[in-house]
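Let's walk through a few spots where this chain folds back on itself and leaves gaps. Have the model open beside you as you read.

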Amino acid sequence: LKGHMAGIARAPTATVAGALAVPSIMATAVVPAGGGLDSEARGLRGGSEVADPEEEDCAHGSRHPVGSEAWRTDLSDVILPMYVDSSSESEGEGRGDDVDRMVLCPAVDTSDEENTQEAHASRPPTQPKKAQPWEEIPPQRVLELMNAHEKHGHSRRGLYKQPRPEPVPTVPSIRRISAEVAAQDLAKIVGGHVAGDIGEPVIVLGLAEGWRAQDRWCSAEAFAEHYGDMPLKVHEMVPVGGMGKGTELWLPARDYIEYAQSAEVDAPFYVFQKKFVEGVHDDLFADYERPPLFSDDLWDLTPKLRSGFEQNKFFCLGGERTGSALHVDPHFTGAWNTLLCGEKRWVLFPPEMKMEDMGVPTDLREKLLTPCSHWWLDSYPRLASPGGAGERLGMREVIQRAGETIFVPAGWWHAVLNHGWTIAVTENMLSPQTLARTWPMLSPDRRRSACLARAIRRLRPELLPVLRAGGEASGDEGSTTGSEHDKDDADFRMY
């Protein structure tokens, strides 16, 4: 002990006197590298300033030469004599030079620990990483749920054994035109430029030239090569009680392709991808460009308008017997659809036709559970036969091939049946040319029409005469205050 004290007394002063003076069961002090004890500490053994000769070549009281292996493992230079006061009566009692009351106590440096604890205390708690939707259910379990689905998991009619329903040649088709001709006839195609004009569905050629998708989407194998690991949302299961959040079913593209090509059910699942994750699906949007012919969308005028109809872009992937049932596109929009692989068979009906006349089930449950392929077997032959209702209803039919783009004007009914593996991209749009026809249907919804009218007044004033001709009640200047405008914009949604 004496040699140790003498050894560290040679070093510069360290502030440990206060620690030595604190009465406690056990006290600790820290001597940093190069540190030592002050005069009060040295006074515990008479204040000797001279070290023993045998300690002269050792550092900080260590018995070993500096730098040696023994020196690195010897902790004697961090062992300090600590005063222990066992009495609790007086702070000053028992603090003489009684060496018997000294104990050896490891000097523990707690400064780093305290700083770490303070940093952890000030740091917000770490949130567990949220699982992505496609990580919640493993692919094998997703396939099990798909195969057990009430609508998409049965083969009661054995359609995979039957040939495709053949088109009826007498059903009128639609025009196939070049992009140049389509640009000249755009007002007629979109519809609404004259009273009673409902637009004209057409096939436009050449709009996909130069797209990267022509190479990456040209076959199931090519798509799997580039995007085999990309997660695709196949379906969303509604809760049994009809309330709460649904369960999303996702599959890697490679697994979905394998499913679609081997499915023997009457209505295989059809990927209508409309939920996209940044950093996951970005490459799909880099594979194509919106055709300039159909780039003018009034719902794009402001972010507020777009937020009310965010899901206007879709990627459609499916195999044999997939497709869509008869429907009309939402929010008074028309749509362009470019096919990159396979064939799509389309049937179209003009606006304002009655569902029951076209063979669409009126019962909601029946509508939801009837596979789209059943319509082509049960209703199409009746409508398309010579003298059938299709002629009276203005029924049209066309087969779309890879590289072709079909445009469906707003309000037109349409159904699709895929022939083999198909991949397509489609977008909905509210074209300015169709505003004269769609505004009377849109204006009764005051909130929706007010938002659109204000955007048109500010950004597309040339369209104001169209609104006034149709009755701009909900968009008149002064009809709402600025704060009400803000509230309309904040609340504006289209579901």
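## Pocket, cavity and helix pairs

Lining the second largest pocket are Lys-130, Ala-131, Gln-132, Pro-133, Glu-136, Ile-137, Lys-245, Gly-246, Thr-247, Glu-248 and Lys-275. Please keep in mind that this is a predicted model, in which local features need pLDDT of at least 70 and side-chain atom pairs count only at pLDDT 80 or more, while totals for chains, interfaces and linings use all residues. Residues are numbered from 1 along each chain as its sequence is written, and side-chain values use heavy atoms, with hydrogens and water left out.

On a 1 Å grid over the protein atoms alone, a pocket is an open set of points with protein on both sides within 12 Å along at least five of seven lines, a cavity is a set where a 1.4 Å probe fits but cannot get out, and lining residues have an atom within 4 Å of a point. The pocket described here holds about 190 Å³ of space (a volume is the space filled by probe spheres set on the points). Helix H6 (133-136) and strand E6 (247-252) each supply at least two of its lining residues; helices (at least four residues) and strands (at least two) are DSSP runs. Its lining divides into 3 nonpolar, 3 polar and 5 charged residues, with Asp, Glu, Lys and Arg counted as charged and Gly among the polar ones.

The whole structure has 2 cavities of 30 Å³ or more. Around the second largest cavity, of about 30 Å³, sit Val-190, Gly-334, Phe-407, Ala-410, Met-429, Ser-431 and Thr-434. That lining has 4 nonpolar, 3 polar and no charged residues.

Now for two helix pairs, with angles running from 0 to 180 degrees between N-to-C directions of axes fitted to C-alpha atoms over the stretch in contact.

| Helix pair | Angle and axis distance |
|---|---|
| H11 (220-227) and H12 (253-262) | about 160 degrees, 9 Å apart |
| H20 (435-442) and H21 (446-459) | roughly 140 degrees, within 10 Å |

H11 and H12 are therefore roughly antiparallel, and H20 and H21 are oblique (under 35 degrees is roughly parallel, over 145 roughly antiparallel, 65 to 115 roughly perpendicular and the rest oblique).

In the contact (heavy atoms within 4.5 Å) of H20 with H21, Leu-435, Trp-439 and Leu-442 meet Arg-448, Ser-449, Leu-452, Ala-453 and Ile-456. By class, that contact has 6 nonpolar, 1 polar and 1 charged residues.
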